[in-house]
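Please take me through this structure in a viewer, one selection after another. At each stop, tell me what to select and what is there.

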Amino acid sequence: MVRVKAVQDGSIAEELGIVPGTELVSVNGRELADFLDWEFLTADDELVIEAKLPDGEEIVYEIERPEGEGMGVELEPPTIRRCANRCEFCFIEGLPKGLRKPLYVRDDDYRLSFAYGNFATLSNLKDRDIARILEYRLSPLYISVHATPWEARKVLLNNPRVPNIVDQLTRLAEGGIQFHCQMVVVPGLNDGAILEESLSDLWNLGDAVISAAVVPVGLTQFSHLYSGESMNPAKARELIAQVDRWSERARKERGETWVFGSDELYLLAGVELPGAEHYGEFAQIENGIGAVTSLRLRVADGLADLPRLDGMRIGVVTGKAMVDLMPELLDQLTEATGAEFTLIPMENSLFGPTITTAGLLVGADIKRALEGRHDLDLALIPAETINEDRIFLDDVAFDELRTTLPMPVHPSYDFVDVLASEEFAVAA
Ligand code: SF4
């Protein structure tokens, strides 16, 4: 059974009398376990839907759905499948205490992997889940592989019952499922020969593995499980060299890069990031693969749309990881607008100095960065630092914080989004 959260105006569901709180029990005789069943089973045009209205009335709808018209139903969020692992490097294990509850949910859910691109390890996959993935053709999936040698993976995931990932991927690949994979590399545990074997196993799965990412382990000052060696620039350069050997082979044999080092790996190694052609369709940009290159592109493409802002003093708050990359972008923005940009790199007060990503800065960091800056006319902060409710990871509300700061503050993904906006152009 799945429960209706909202019904769209003028939709088929509204016409039928489905209201929020209605329980949708079955479609064409098949019981509904979750949103996937609903999405896929209602893809037919002729539907018999069993439902129970909030007042207890049981009802059967027989409908012919006009082709291409959705049902107009939003479902209650699913119960998330929890993770059965205790990875050495788990970021959630490394969160400080006292944050809002949803941040501590360790999801490992193939359904969210398909629907939202969340990475899943598949360690909690049952036979019936595999059958569903194959039946509904849930592809592509985003898979945290980390290592293909079974024993190494058990150690990395701290889970002796973890299934053999090569067997799982092979079975799914034979059913036509494709994957984007990632390997979070912990020096001493899954680098060197283990990484080589892992890349080789993924390569041998052929077209089923669309992309593979190599990401350096990132630890907070609160990580307490970790027993591996620390990541360092020399190790990062070693990993880039290994990734480069594979990507050269992939470009020769398959005409695409296939395996990518994450941006963090290049920044840590002090190695210049590849250009846009390296990333193809930027398949794993949400995973930090090619995000900096994409930012450079968007800035370059947007310069012509920027208004003149001569004399305006603009502060740009960012994480320490971006310190070396930002000046080149800010110079271009200065030239295009005439504004004076000031870079304000901040250390992360919640996760500690080892976490340098701009998107993980918290409200307290933004406050510290900007509260005394009466010399600025405007400030831009990384838009990734706030969620859809405009709340930072430390529960500070952006809209409250901005009223206490001495200048207008805008969340921005690429500077151009704010500076070229109509609202901003009028204000300027
Ligand atoms: S799979 Fe590992 S990293 Fe992911 S939530 Fe579970 S323990 Fe954490």
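The tour below goes through a predicted model, starting at the N-terminal strands and then moving to the ligand, two sheets and a pocket.

**Stop 1: the first strands**

Select residues 2–7, which are strand β1, together with residues 23–27, which are strand β2. The two strands pair in the antiparallel sense, and two bridges hold the pairing. To find one point of contact, look at valine 2, which stands opposite leucine 24 in β2.

Keep β2 selected and add strand β4, residues 46–52. This pairing is also antiparallel, with four bridges between β2 and β4. Here glutamate 23 has lysine 52 of β4 opposite it.

Now add residues 30–31, strand β3, which runs antiparallel to β2 and is joined to it by two bridges. Serine 26 has glutamate 31 in β3 as its bridge partner. Between β2 and β3 there are two residues, and the two strands form a hairpin. Which residue in the turn has a positive phi? Select asparagine 28: its phi is about 50 degrees.

**Stop 2: around the ligand**

Next, select the ligand and show the residues around it: Cys83, Asn85, Arg86, Cys87, Cys90, Arg106 and Thr121. Sorted by class, this shell contains three nonpolar, two polar and two charged residues.

**Stop 3: two loops beside β7**

Move on to serine 139 and proline 140, and show the backbone. The peptide bond that joins them is cis, with omega at about 0 degrees. Proline 140 belongs to the loop between α4 (127–136) and β7.

Then select histidine 146, in the loop between β7 and α5 (150–156). Its phi is near 65 degrees, which is a positive value in a residue other than glycine.

**Stop 4: the sheet that contains β7**

Colour β7, β8, β9 and β10. These four strands make an open sheet in the order β7-β8-β9-β10, and their pairing is parallel. Why is one side of β7 and of β10 left without a neighbour in the sheet? β7 (141–144) and β10 (259–261) are at the edges, and each has a single partner strand, so there is no neighbour on its other side. On average, neighbouring strands in this sheet are turned by 20 degrees against each other, direction ignored.

For a closer view, select β9, residues 209–216, with β10: the two run parallel and are joined by three bridges. Valine 214 is found opposite glycine 261 in β10. Then add helix α8, residues 233–254, which packs on the sheet. The helix touches β8 (179–185), β9 and β10, and its direction makes about 160 degrees with that of β10.

**Stop 5: the second largest pocket**

Stay with β9 and add α10 (276–279). Each of these elements supplies at least two residues of the lining of the second largest pocket. Which element gives the most to that lining? α10 does, with three residues.

The pocket has a volume of about 250 Å³. Its lining consists of 16 residues, and those nearest its centre are Glu256, Phe260, Tyr279, Gly280 and Glu281. By class, the lining has six nonpolar, six polar and four charged residues.

**Stop 6: the sheet that contains β11**

For the last stop, colour β11, β12, β13 and β14. They form an open sheet of four strands with parallel pairing, and the order is β12-β11-β13-β14. At the edges are β12 (340–346) and β14 (409–412), each of which pairs on one side only. Neighbouring strands here are turned against each other by 25 degrees on average, direction ignored.

Select β13, residues 378–382, along with β14. Four bridges join these two parallel strands. Leucine 380 has histidine 410 in β14 as its bridge partner.

Two helices complete the view. Helix α12, residues 326–337, packs on the sheet and touches β11 (313–319) and β12. The direction of α12 makes about 155 degrees with that of β12. Helix α13, residues 363–370, lies across β11, β12, β13 and β14, and runs at about 135 degrees to β12.

Terms used:
Residues numbered from 1 in each chain as written. Predicted model: local features only at pLDDT ≥ 70, side-chain atom pairs only at ≥ 80, totals over all residues. Heavy atoms only, no water. Pairing = 2+ DSSP bridges. Axes fitted to C-alpha atoms, helices over the stretch in contact; angles between N-to-C directions. Contact = heavy atoms within 4.5 Å. 1 Å grid on protein atoms, 1.4 Å probe; cavity = no way out; pocket = protein on both sides within 12 Å on 5 of 7 lines; lining within 4 Å. Points joined across faces, edges and corners; volume = space filled by probe spheres on them. Nonpolar A, V, L, I, M, F, W, Y, C, P; charged D, E, K, R; others polar. Near = heavy atom within 4 Å.
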